[in-house]
Amino acid sequence: MSNIGQLERITQNRIVELFNKQLGYNYLGNWEEREYNSNIEDELLSKYLLNKGYTAAQISKAIYELKNAANNYAKSLYENNKNVYNLLRYGIPVQTDLSKNHETVWLIDWKNPEENHFAIAEEVTVFGNHEKRPDIVLYINGIAIGVLELKRSTISITEGIRQSITNQQEKFIEQFFTTVQIIFAGNDTEGLRYGTIGTPEKMYLKWKEDETDNSKLLLDKYLLKLCDNRKIIELMHNFILFDGGKKKLPRPHQYFGIKAAQEHVRRREGGIIWHTQGSGKSIVMVLLAKWILENNPNARIAIITDRDELDKQIKRVFEDSGENIYRTSSGRDLLNQLALPLPRLLCSLVHKFGKKDVDNFDEFIAEIENTPCITYGELFVFVDECHRTQGGKLHRVMKAILKNAVFIGFTGTPLLRSDAPTTLEVFSKYIHTYKFNEAVADEVVLDLKFEARFVEQNISNPKRIDAWFETKTTQDGKPLSEYQKAELKTHWGTMQKVLSSKSRMQIIVNDIIYDFNTFPRLKSEKGNAILVAGCIFEACIYYNLFQETELKNKCAIVTSYNPSVKDINKEDTGADTESDKELIYNTYKKLLGNKSTEAYEDEAKSKFIKEPANMKLLIVVDKLLTGFDAPSCTYLYIDKSMKDHGLFQAICRVNRLDSDDKTYGYIIDYKNLFNQVENAVAVYTSELNYDKFEKKDCDILLQTRLESGKDRLDKAIEQLDLLCEPVKPPRTTLEFIQYFCGNSEIAEDLKKNEFKRKNLYSKVIVLIRAYANIEDDIDRVGYSKTQIENVKQKVKFYKNVRTEIQQASGEMLDTKAYEADMRYLIDTYIKAEDSKNITPFSEKSLIEIIIDSGIAEAINKLPNNIKQNQQAASETIANNVRQKIIKEHLLDPELYKKMSELLDSVIRELKSKAIDYETYLKKIADIVNKIAPKENSGYPAEIDSKEKIALYNNLGKNVDLVTRCCEEVLKYRKTDWVGDEIKEREIKQGLYNALKSKDEVEKIFPVIKQHYKC
């Protein structure tokens, strides 16, 4: 007879037998009628302790202390549970006689798991304020450490979770849970979930291990995994964390990441842990640090990051978990602490390894390499966000000072090809990886949805633009030279300046206000948003614009700016309006009042996280786009060009789990970034080969990089030497001016020598870039000390030559004096239209678009020479459907004589890019829709998914009804809604809005339920 839909009792009988026969737990019986069931069974615990050789007096004292901690009615469940855990974890110091020393009574034998007494009882009736009866209770040495609630296969596993959550309430059997470490819920169809005391329903976890093993029901499979004697002891001993009022258990990727890292530590071998943004990297860091310190008495741990905010965050996380950590105040303090035996755990900014005013960095490195810092103990260095911290001179200082340390890097983003070599030089290969798509599949983070918006701009009055420009570029009746005008046009006739026009920014402000009044998550005031501006000036403009809206006093600006009078002491140009720097300074002085920038930003961030209704929008530039976790944050508005690490970290600000009404994180793009998002997500979900690198491979990578860098630098110097070879002796400033300008007072001479000057300027730029690329490693490229000094002098010399020639020729203009007038021109005569949504796949998530469609795989199979070229990659994937985007032109004064023509050309380019971009997005939608079932052929174009096909067939083939029903379902659908009466009722109400008939709703709802599960 089939076991489909079998009774819960049958499942429970099988699980009891599994614990008894396969896991070796003693069966204590059915305790439904048994009196005085307790979470501390005196008889069982006493028997165990007697077998361990403790005296009756010690046992009595230890059990008294344990019960006293478990049953302190003046404290919360969290506090009692934490106190009990500490007694279990670290033993109970017992003194039975004043003449005797304290001895530790160990309630659990952590070193020898099999020496403990494992048992289960079922139907354990517990009498509290109202009695409850957990299905199965797990006991170790008579102490209740686990509770399992089982449901029949047709009842949702969430029912079992809610049952345990209810049981933890004070009005039921809260005190029983003071000893409980792990809470399970399961059924035969959905498998097993686990959590601990205080874990919210949606935060109960799934275990993942040996996924190819399909020989058992998931419930049985994972009970065998998690409740194995050694595994459950290990989880309790090494993987439980009390973190700022929340008790936490590890997710599978955290457990296996730490296990892999432990093996590296045992071998004193470094590496990189890449766990995607939002997956709990800090917890991995804390648990690994605790394990190292406990298992190696000589170990010291230094946690290094590159931002003050992260440094503070790390200190807080460790202290919340009960670990004392010392935060260094300076470089000297850091080195002093490392030379002492205590503290064993400290954190520092990477910059504190640097040394100010170092004239010769290479000599400085050589000095400290020959006399490294004396550090006490075996030092392990954890480097947070190691893909950033590893670069430049500072990591060389760090490696030189901490010569014998083991370096372990932590990152939420993978190494891109450009930064992999230098990072691998420091840390070696990957220890463990956990990618974005894996985290979404495991419901650790939310998937993302993407919407591209275009704001069209137009010139309102070309004649007035030109007249204004000519007037403002005439001083005392004398106009600027053509070169100076060209310089001014170059500075102001750019894409970024046009995009920063006040009318365009006002449209974006209007968009956001509209969204806050119409998008359910924002309208409910449970969710909030971040706006990423292109620069601090634009952030201040946005902030001022929002002060005229309903978000006044409910938005804040968080940037790296800290107002100082010295910022504006050279800004007074005599103009009546503010310069850019004056606007920034005045905005900050007004919004700060008497607060410091730090206090203002801390208050804003705290409100944003804890009171989303009172802090709805944060305006940022670079800050908060990494390491800032705010579950309420649901929308990210991007008005800044971004790519790679920065872009991916930014979009992950909205992927944190929150309440049920947050089903996705939303990216609203105003900068045509989808192809950048596409490539970033593809890389961040792909299998990388960097874990195959050994140290010798890193050395080869380093050598190759340095050789090519030296070659570029040598060629750049050689070309400048050749260009300047005709300059006559004694080659002073005068001779250089004569060669590159002729007579600087004669316009014809300047014109005749213009080509030479442009050649000089471009070659100096090449030299500066070539030098910057290897500056940090210049002592390792093969130069002698004398050659290094010569190179530095050459770079300095040619930079000075360029500056002198620019000034002598009049081709250098201080644009500050014209800033206010040019800003007025941009803001007054460039008008913006309402934004347009140009996204053809708004219903689908990034995972569906980029990974499920195969685009990610296609990107990662592209040849390196194409893959590294973002435009080439996009064109290849889209089958060359995109038109070639017009490259930003270098200003040609002859072609763009009029300022209005220049601005108009920039706007035409913007429109052209928007058209190309919209075409590209449509092509992506076409690719995505190819994964729709073949049977959709013959359906209307709007019916482009299997869900819509099902609705179309059941709604009288009414396309309009299908569209409206889809919109309502997507609007109201929440995580795990199937089987949840309240959530199902919300969807039905949405369907009624579309269908206007209860009968039609009930008819179509089973179809919805089948096709729109989440």
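## A walk through the model

Start by selecting helix H6: here Leu219, Asp220, Lys221, Tyr222, Leu223, Leu224, Lys225 and Leu226 are buried. Before going on, bear in mind that this is a predicted model. H6 covers residues 218-226, and with 8 of those 9 residues buried, the helix is largely enclosed by the rest of the structure.

What do the buried residues of H6 pack against? Add these to your selection to see the surroundings: helix H1 (8-22), strand E6 (143-150), strand E7 (182-187), strand E8 (191-195) and helix H7 (229-238).

**Zoom out**

Now show the whole protein chain. You're looking at 41 helices and 28 strands. Of the chain's 1014 residues, 54% are buried. Take the contacts between residues at least 6 apart in sequence: 73% of them join residues at least 24 apart.

**Another enclosed helix**

Next, pick residues 644-651, which form helix H25. Buried residues account for 6 of the 8 here, so H25 too is largely enclosed by the rest of the structure. Which ones are buried? Click through His645, Leu647, Phe648, Gln649, Ala650 and Ile651.

**Two helices crossing**

Time for a pair. Two packed helices are described by the angle between their axes and the distance between the axes. Select H28 (residues 733-741) together with H31 (residues 785-809): their axes come within 10 Å and cross at roughly 60 degrees. That angle makes H28 oblique to H31. Turn the view until one helix lies in front of the other; the crossing of H28 and H31 is right-handed.

Show side chains to see who makes the contact. On the H28 side, pick out Thr733, Phe736, Ile737, Phe740 and Cys741. On the H31 side, go for Phe797, Val801, Glu804, Ile805, Ala808 and Ser809. Sorted by class, the contact between H28 and H31 has 8 nonpolar, 2 polar and 1 charged residues.

**Last stop: confidence**

Finally, colour the chain by pLDDT. The mean for the protein chain is 81, and 77% of its residues reach 70 or more. Then look for the weak spots. Residues 388-392 stay under 50, and the model has 17 contacts for them beyond four places in sequence. Residues 862-897 are also below 50 in pLDDT, and this stretch has 64 contacts beyond near neighbours in sequence in the model. Why go easy on such stretches? Where pLDDT is low, the predicted coordinates should not be read in detail.

Note on methods. Residues are numbered from 1 along each chain as its sequence is written. This is a predicted model: local features need pLDDT of at least 70, side-chain atom pairs count only at pLDDT 80 or more; totals for chains, interfaces and linings use all residues. Side-chain values use heavy atoms; hydrogens and water are left out. Axes are lines fitted to C-alpha atoms, for helices over the stretch in contact, and angles run from 0 to 180 degrees between N-to-C directions. Helices (H or I, at least four residues) and strands (E, at least two) are DSSP runs, numbered from the N terminus. Angles under 35 degrees count as roughly parallel, over 145 as roughly antiparallel, 65 to 115 as roughly perpendicular and the rest as oblique. A crossing is left-handed if the near helix is turned anticlockwise from the far one by less than a right angle, and right-handed if clockwise. Contact means heavy atoms within 4.5 Å. Ala, Val, Leu, Ile, Met, Phe, Trp, Tyr, Cys and Pro count as nonpolar, Asp, Glu, Lys and Arg as charged, and the others, Gly among them, as polar. pLDDT is the predictor's confidence in each residue, from 0 to 100. Buried means under 20% relative accessible area, exposed over 50%, partly exposed in between (1.4 Å probe, protein chains only).
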